[in-house]
Amino acid sequence: MLSLKSLFAFFVLFSALHAVFAQQDDTQKVYPLSDVVVTATRTYTPTIELASSVSVIDSAMISNRMKTNVYELLQSEYGLSFSQQGGPGKLTNVYTRGSNTSHTMILIDGIKMNMVNDPANFFDFSTLPVDNIERIEILRGPQSTLYGSDAMAGVINIITKKGTGSNDFFISTDGGSYNTYKGLVGLNGSYNMMNYSVTMSRWRTDGFSSASEKYGNTEKDGAASSYLTARIGAKVSEFLNVNFYGRFNKMDADYDQFGGEFGDDPTFIFNLEEQAYRGEAILTLFDGLWNQKAGVSFTRNLRKYKFDESLNNPASSRSLYDGKRLKSDWQNIINLNEDNVFVAGIETEEEKAIGEYLYFSSFGDFESLFPQNKSRTTGAYFQHQFRFDNNFFNSIGVRYDNHNRFGSVVTYRIAPAYVFWQTGTKIKATFGTGFKAPSLFYLFDPGFGNSDLNPEKSFGWDAGIEQFFINNSFSAGINYFRTTFKDLFGFDENFRTININKAESKGIEVFITVKPLETLTVNSNYTFTQTKDLSKGTVDEGEALLRRPMHKASLSVNYNFIPDANVYVEISYAGQRDDKNFSVFPAERINLSDYTLINLAASYDVFTFLRIYGKLENLTNKYYEEVFGYATPGFSGTLGLKFTL
């Protein structure tokens, strides 16, 4: 249990460190280096000046960790937990600080990727490879003030690579366990006013049974995907830049009906076609005093599912879900002076979806048709970001959104921070609200929908201390967070969607980075998350929310032992979590065991144009479940080559 005594002890520790270092003279001052991020304020701001809980995975980290999917890359980050239903290519959810999976906004190059055609509008991380990603910024806490709906608990902002310098053509290929292979080709560079970065890849695996073999399931569930991502830009003039972003993903995967005993279904197939595009213009006026960015983005997600009669399932089904989003945005940044920056913008988006679900069995047939429906949300936001005496930093923002169904909602955010430069100590806090508009399914579905729904809402705050010292070779931080959720979507006795559910989440995040050598970096973090369902009169009232581990920790070591070689070791721990066995009625609440995973990755540049790389995962062959009855990868390995010309 999280106690005030424990929290107080952490603050005393950091206060003591501050007191010790405050007695040093000016020659011992510490001025910590920090990343510059854009997600927290929509302006390029050093993290040392931010109160937000934000972390960055840069291109070097992405290269060294050698993950295939973004989901794998994010697993070691504090404040995030995941669940995957059966291995690579299978449904994958993220929980930010214990929130629902639909309460985190996913951005790729400014394009909102949450799925319009899903009842909860969440994003499935199983479909997103790490191809051509430059950096990932993870922002925790309610962020609707700058980002609107779906940012109730945080934002994960993915930024792809921008081509620079001479042409770099690269090709890589790797293969490994479960008969898995991947091939990738790409081109990065610039020419005169143009820059370009394009990557294409093909990935395939035979996989393993999604329904765990522990319960007698043996049928393998493979997956395959083809992926294209492109970023093209041009410097039209000294004042004007234009950019185009595009991505296309096609995936086919074998699923199982449910986990546990008799879960195998050799006929269950999932097909995905996903595309996203964005064009934008960036205009800089009055020597950088006024920066404008205007853009238009479009996304489409088309998902199909089907299964036929099989040994474990005497029924068949066909379903299709097609969703589109068209969004326009205009952002203005006014740099009044170095201590005062104003951000103002307006956004409008239209969502459309259509779907059908057909079910056939000897007991009768069932048909659920979702006719095409649409909704529009228009929002305007304003933020003042300021500093005082180069010690106190703050941002205050407010946003107004209007939805053509439920009306209007106002959100706000305040984020002050104070830095003691002599000791490299920062104290910080944030307070903010968030909202989530009801999905098209919840509004318009003929059987479950309710056009009178209000948005889900959240209020969250956090407070923390960060300490940097010993010439920036050691840094540490601690955050306490608490978020309450109300008007969450639930169902009445007729299974009609209503605003009835409530929940809360609170906990502590601790993170430490040690860099004793220029070639050696050690990162560790720990997250304690306590969640509670506060929905009155339900069977889960007072219980922990499902699939969120209370304890989560990670330790990673990255070492360049010679200039051309790198080794990365990662140890991650996830504590026990509650889940339910949905294969029985009523569903039974169960407890999933904790587990520890050890992963290893290494690379060596044989020549300037040739790199050999490999990784070993789950070295102890630990059996574990993130979702009851569903399998996870055992001990596995990959070996590959990359050519750069």
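Is N114 buried or exposed? Let's start there and then walk through some other spots in this predicted model.

1. **N114, inside a loop.** N114 is buried, because its relative accessible area is 1%, and under 20% counts as buried. To find the residue in your viewer, go to the loop between β7 (111-112) and β8 (133-140). The side chain of N114 reaches the backbone oxygen of N121 at 3.1 Å. Setting aside neighbours within four places in sequence, N114 is in contact with T104, M105, I106, N121, F122, F123, D150 and R325. Keep F123 from that list in mind for the next point.

2. **An aromatic pair.** The model has 25 aromatic pairs. One of them joins F123 and F125, whose ring centres are 5.1 Å apart with 90° between the planes, an edge-to-face arrangement. How buried are the two partners? F123 has a relative accessible area of 3% and is buried, and F125, at 0%, is buried too.

3. **A second pair, and a cluster.** Y255 and F268 also meet edge-to-face, with 5.7 Å from centre to centre and 75° between the planes. Where do they sit? Both Y255 and F268 belong to the loop between β14 (240-254) and β15 (269-285), so their pairing ties together parts that are 13 residues apart in sequence. Both residues are buried. If you follow the ring pairs onward, you find a cluster made of Y255, F268, F270, Y305, F307 and Y321.

4. **Charges over rings.** Two more places involve an aromatic ring and a charged side chain. R42 lies over the face of Y147, 4.6 Å from the ring centre. The charged end of K642 sits over the ring of F170, at 5.1 Å from its centre. Try turning the view so that you look straight down on each ring.

5. **Empty spaces inside.** Rolling a probe the size of a water molecule over the atoms shows where empty space is left. How many cavities of 30 Å³ or more are there? The count is twelve. The largest cavity has a volume of about 170 Å³. Its lining is made of 14 residues, and those nearest the centre are Q75, K552, S572, A574 and Y595. The strands β4 (80-84), β28 (551-562), β29 and β32 (595-607) each give at least two residues to the lining of the largest cavity. Which strand supplies the largest share? That is β29, with four residues.

6. **I571, in that strand.** I571 lies in β29, which covers residues 565-574. With a relative accessibility of 34%, I571 counts as partly exposed, because that value falls between the 20% limit for buried and the 50% limit for exposed. Leaving out residues up to four places away in sequence, I571 touches A553, S554, L555, T596, L597 and I598. V38 is another matter: its C-alpha atom is separated from that of I571 by 30 Å, and the two residues are 533 apart along the chain.

7. **Backbone details to check.** The peptide bond from F585 to P586 is cis, with omega near -5°. P586 lies in the loop between β30 (577-581) and β31 (588-592). Two residues other than glycine have a positive phi: F286, near 55°, and R547, near 70°. F286 is in the loop between β15 and β16 (290-307), while R547 is in the loop between β27 (520-533) and β28. Which of them is exposed and which is buried? F286 counts as exposed at 59% relative accessibility, whereas R547 counts as buried at 14%.

8. **L336, a strand residue on the outside.** L336 is found in strand β17, residues 315-337. With a relative accessible area of 52%, L336 is exposed, because that is over 50%. Apart from residues up to four places away in sequence, L336 touches L289 and F342. L336 and L289 are 47 residues apart in sequence, yet their C-alpha atoms are 6.5 Å apart in space.

Technical notes. Residues numbered from 1 in each chain as written. Predicted model: local features only at pLDDT ≥ 70, side-chain atom pairs only at ≥ 80, totals over all residues. Heavy atoms only, no water. Buried < 20%, exposed > 50% of the residue type's maximum accessible area, 1.4 Å probe, protein only. Contact = heavy atoms within 4.5 Å. Polar contact = N/O pair within 3.5 Å; in protein donor to acceptor, adjacent residues only side chain to side chain. Phe/Tyr/Trp six-rings, centres within 6.5 Å; stacked < 30°, edge-to-face > 60°. Lys NZ or Arg CZ within 6 Å of the ring centre and 35° of its normal. 1 Å grid on protein atoms, 1.4 Å probe; cavity = no way out; pocket = protein on both sides within 12 Å on 5 of 7 lines; lining within 4 Å. Points joined across faces, edges and corners; volume = space filled by probe spheres on them.
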